[in-house]
Amino acid sequence: MARVKMKKVLVVEDDPDLLEILTRQLDMMGFSVITAKHGKEGVEKAFEEKPHLILMDIMMPEMSGRDATRMIRANPDTEDIPILVVSALFLGSDIRSCFEAGCNDYIVKPFAFKQLQQKIQGLAQRGPSSSS
Ligand SMILES: [Mg+2]
């Protein structure tokens, strides 16, 4: 019997190799995956698709993940969507600025699949806080 796709995830990542890896890993976890290759496209897709979860890179052309996160948080339609930052930035100040922009959790690249799974499961179970 085919697995039922319960949840829609948006992955915003400018590195095509990592985007493909993340897409495969999320697919293995049973998610339906939408992708965007920079922050601007990520904001557009978030508004259009209203995913259950967003994985957000930070260093991207067009618009950074920080600015994209701020715009997603500023829209009442998308303000509650959990956002997991997936970034190579590891300094405390970088991580703090992402939380200040509105992300819910943070994972530093490179990461193990199991680590990613745990972060995602934590956020996916929680889901949007006030959906009716
Ligand atoms: Mg990047």
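In this predicted model, helix 3 (65–74) lies across strand 1, strand 3 and strand 4 (83–87), at about 160° to strand 3. The strands underneath are worth laying out next.

There are five of them in an open sheet, ordered 2-1-3-4-5 and paired in parallel. Strand 2 and strand 5 (105–108) sit at the edges with a single partner strand each, so one side of each has no neighbour in the sheet. Going from strand to neighbouring strand, the turn is 20° on average, direction ignored.

Strand 1 (residues 7–12) pairs with strand 2 (residues 31–36) through six bridges, the two running parallel. Within that pairing, Val12 is opposite Ala36 and Val11 is opposite Thr35. Helix 1 packs on the sheet, where it touches strand 1, strand 2 and strand 3, and its direction makes about 165° with that of strand 2. Strand 1, helix 1 (residues 16–28) and strand 2 together form a β-α-β unit, and it's right-handed. Strand 1 also runs parallel to strand 3 (residues 53–56), this time with four bridges; here Val11 has Leu55 as its bridge partner.

Then there's helix 2 (residues 39–49), whose buried residues are Gly39, Gly42, Val43 and Ala46. Why do they end up on the same side of helix 2? They cover an arc of only 100° around the axis, which puts them there. The spacing rule behind such patterns is familiar: an α-helix has 3.6 residues a turn, so residues three or four places apart point the same way. The cover over the buried residues of helix 2 includes strand 1, strand 2, strand 3 and helix 3. Right after helix 2 comes Lys50, with a positive phi near 40°.

Terms used
Residues numbered from 1 in each chain as written. Predicted model: local features only at pLDDT ≥ 70, side-chain atom pairs only at ≥ 80, totals over all residues. Pairing = 2+ DSSP bridges. Right-handed = clockwise from strand over helix to strand, strands pointing away. Buried ≥ 20, exposed ≤ 12 C-beta atoms within 10 Å, placed from the backbone. Arc of directions from axis to C-beta. Contact = placed C-beta atoms within 7 Å. Axes fitted to C-alpha atoms, helices over the stretch in contact; angles between N-to-C directions.
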